[in-house]
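Visitor: Before we start, please show me what we are looking at. I would like to ask how each label is earned.

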Amino acid sequence: MSNRLLGLLAALLPLATLAATAAEPRASARIASPDATIAVEVTTDNEGRASYRVSRAGRPVIADSRLGMLFADAPKFERNLAIVDQRTRSHDEAWELPWGERRHMRDHHNELRVTLAEISGAKRRFDVVFRVFDDGVGFRYDFPDQPGLRRLAISEELTEFVVADAATAWWIPSFEWNREEYLYHRTPIEEVGDAQTPITLRTADGLHLSIHEAALVDYSGMNLTRVDGRKLKAALTPGIGEAKVEVAAPFATPWRTIQIAERAGGLVESGLILNLNAPNALGDVSWIRPMKYVGIWWEMHLDRKTWASGPKHGATTAHAKRHIDFAAANGLGGVLVEGWNLGWDGEWFGNGEDFSFTRAYPDFDLDEVTRYAREKGVMLIGHHETSGNAAHYEQQLDDAFDLYARLGVHAVKTGYVADAGQAKVRDAQGRLRYAWHEGQAMVRHHQTVVDAAARRRIAVNPHEPVKDTGLRRTYPNLITREGARGMEFNAWGNPGNPPEHEATLVYTRLLAGPMDFTPGVFGMDTKSGEPMASTLAKQLALYVVIYSPLQMAADLLEHYEARPEAFQFIRDVPVDWEDTRAVAGEVGEYAVIARRARGGDDWYLGAVTDDSARTVEVPLDFLEPGRRYTAQIYRDGANAGWRDDPHDIVIESRAVGAGDTLSVRLAPAGGQAVRFVAQ
Ligand code: NOJ
Ligand code: CA
């Protein structure tokens, strides 16, 4: 280069620098959590690629991770981007859950809204909004309506999560036929394949992370694919058209979330997912009743009764009344009856087109059963198994819910048993299409169901659902759901749930929200004859450890009648809470959870362990200082163990106070349940 040219460049350079600083674009934007511990930085590189990174206490947690979006019918947002605007704001708000694992919530965060625009070409733009809490980060893409992007046909997100430190991961595979019903893998992060969220990570220096999403509305569920090393990348569930998501602008995506905690229990106590959901949209929801229930259910899973008609039909009027009597006598609010409606004969699994949601089998008198239930102060819990045929279900949806509303049925369990990718939905032209369980079409379907139910004051409990992303805040009638391997796998699973299953769920699936796991199996019967990985005390502990506002007492009634002393805990334990503490635990090893009854003074404690017996010293400092409590303890006996004697239980009482420490001894696959009665 000639000296003259160099001289010219030198003369121009200060001008160029000036232009870059005086006018946008800026190269980076930064925001920290209210306590300044967690920080997020957004940058663009020299090719105009946008990234974010997250640090905690000055140490990287998420290293530079890309942001961006691919479209099926428009140029991608990948390179050629500049930060053209950034705005921050702070938010601190107290709010209440109408029902929940706690009453009082605090939404305290700092927000950074970064506007990214194309440097050349159409100059389209979008925002990425970060909310940084003391316990983690949420961010979403926000697309304004603009020329060239009126409709978004999203083919993939470019969102990445590059985990900065070596980590162990607990995850279930995505894009598999059995939806969320998989055993958790525990692997180094480098061995993660295609994973669902929430995924839980423990880094080499002991930090716990959960990557998930909040407020999944009108979008496809996010999965994670490991690209290389410790880089996880968003992989949206396929849609029913070419694009994975089709929406009109303006549109904001669900929040991508990273919860960060030192203790495993810190993840459990985090309110981040709920804080990122919109407030209650239903107004007065005092009609939603958290409750315990029994049902005509476990006996079908053990093949002792059938959903289908015939000599072993479970849903008979007489059998339903027997359950209603039992519920009434024991203070349980509901009775679930499955197999009551026409359509279970033949190939119902993954088919669903024969189901009627309004016509009962002749041996089940729906009017009489609901009348009898009302008389006894018990509610029938309705059941709509769709076998994934959402289109067929939607045709009957209004009639089905009208019927239940007329009969005083204010909670309905739904089901979507069908291989993943085999749900049936209608597209915009009314054509029948196969859909994934967590694709946009099924997300829309579940919203349609929740809306139709809410209009009639009905709560829904979907099985084989879309994963929980905290929508219960906006739609409190979306009361609980399945979405993991539940108790049913112990009846017929091959293998059943392993000893560490529940201690894994606490720190993985349950971070997303309540689960209708259906605990309380005293009989320990399995179809295979293999021992169930539980002790009796653990079955009781699950009522505290696994949070769900609808909580089943899943076993056959005669098994409860045979063990009234142990069943007393199920009678006593609440399903709605004032406060929750994750007292102790490690992912996949053990969990000790304490909860205070909603509107009451009594505390409850549940502890479960994996295959290792252990003793956990639990300080009772969650109890009110200076107050005395009677601890009613249900613990594993000296010979208890899932392979040895699952039914060996000791039930005893002691006086305790907040200054005491309880030695919680757990047998292999064992547990302990405690009720602290305030004096
Ligand atoms: C699967 C559900 O998880 C289970 O609870 C139900 O009994 C069956 N589907 C039949 O609907
Ligand atoms: Ca299921």
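Guide: Start with ligand 1. It is surrounded by 13 residues, and the closest are Glu338, Glu385, Lys413, His463 and Glu482. A residue is near a molecule or strand if one of its heavy atoms lies within 4 Å of it. This is a predicted model, in which local features need pLDDT of at least 70, side-chain atom pairs count only at pLDDT 80 or more, and totals for chains, interfaces and linings use all residues. Residues are numbered from 1 along each chain as its sequence is written, chains are lettered from A and ligands numbered from 1 in the order in which they are written, and side-chain values use heavy atoms, with hydrogens and water left out.

Visitor: How do the residues of the shell around ligand 1 divide?

Guide: Into four nonpolar, three polar and six charged. Ala, Val, Leu, Ile, Met, Phe, Trp, Tyr, Cys and Pro count as nonpolar, Asp, Glu, Lys and Arg as charged, and the others, Gly among them, as polar.

Visitor: Which distance puts histidine 463 in polar contact with ligand 1?

Guide: A polar side-chain atom of histidine 463 lies 2.8 Å from an oxygen atom of ligand 1. A polar contact is a pair of N or O atoms within 3.5 Å; within protein, one must be able to donate a hydrogen and the other to accept it, and residues adjacent in sequence count only if both atoms are side-chain atoms. For tryptophan 297, an N or O atom of the side chain is 2.9 Å from an oxygen atom of ligand 1. For histidine 383, the corresponding distance is 3.5 Å. The protein covers 96% of the 300 Å² of accessible area that ligand 1 has on its own. Such areas come from the Shrake-Rupley method with a 1.4 Å probe; for residues, only the protein chains shown count as cover.

Visitor: Which residues coordinate the calcium ion (ligand 2)?

Guide: Glu181, Glu464, Glu482 and Glu488, through OE atoms at 2.3 to 2.5 Å, with Glu482 listed twice. Donors are N, O and S atoms within 2.8 Å of the metal, or 3.2 Å for Na, K and Ca; water is not among the atoms, so sites may look incomplete. In sequence, the donor residues are spaced E-x282-E-x17-E-x5-E.

Visitor: Why is the site of the calcium ion (ligand 2) called irregular?

Guide: Look at the angles. The six donor atoms make angles of 52 to 161°. Six donors count as octahedral if opposite donors are over 155 degrees apart and all others between 65 and 115; four count as square planar under that rule too, or as tetrahedral if all angles lie between 85 and 135 degrees; anything else is irregular. An angle of 52° fits none of these ranges, so the site is irregular.

Visitor: What makes glutamate 181 and glutamate 482 a tie between distant parts of the sequence?

Guide: Glutamate 181 lies in the loop between strand S12 (167–171) and strand S13 (185–188), and glutamate 482 in the loop between strand S28 (459–462) and helix H9 (488–492), so the pair ties together parts that are 301 residues apart in sequence. Helices (H or I, at least four residues) and strands (E, at least two) are DSSP runs, numbered from the N terminus.

Visitor: Are glutamate 181 and glutamate 482 buried or exposed?

Guide: Buried. Glutamate 181 has a relative accessible area of 5%, and glutamate 482 has 2%. Buried means under 20% relative accessible area, exposed over 50%, partly exposed in between (1.4 Å probe, protein chains only).

Visitor: Why is helix H11 (residues 536–545) called largely enclosed?

Guide: 10 of its 10 residues are buried, so helix H11 is largely enclosed by the rest of the structure. Among them are Leu536, Lys538, Gln539 and Tyr543.

Visitor: What is notable about phi of aspartate 303?

Guide: Phi is near 70°, a positive value in a residue other than glycine. Most residues other than glycine have a negative phi, and most peptide bonds are trans. Aspartate 303 lies in the loop between helix H4 (298–301) and helix H5 (317–329). Its relative accessible area is 44%, so aspartate 303 is partly exposed. Alanine 215 also has a positive phi, near 60°. At 10% relative accessibility, alanine 215 counts as buried.

Visitor: Where are cis peptide bonds found?

Guide: One joins threonine 197 and proline 198, with omega about 0°. Another joins asparagine 494 and proline 495, with omega about 5°. Proline 495 is in the loop between H9 and helix H10 (501–505).
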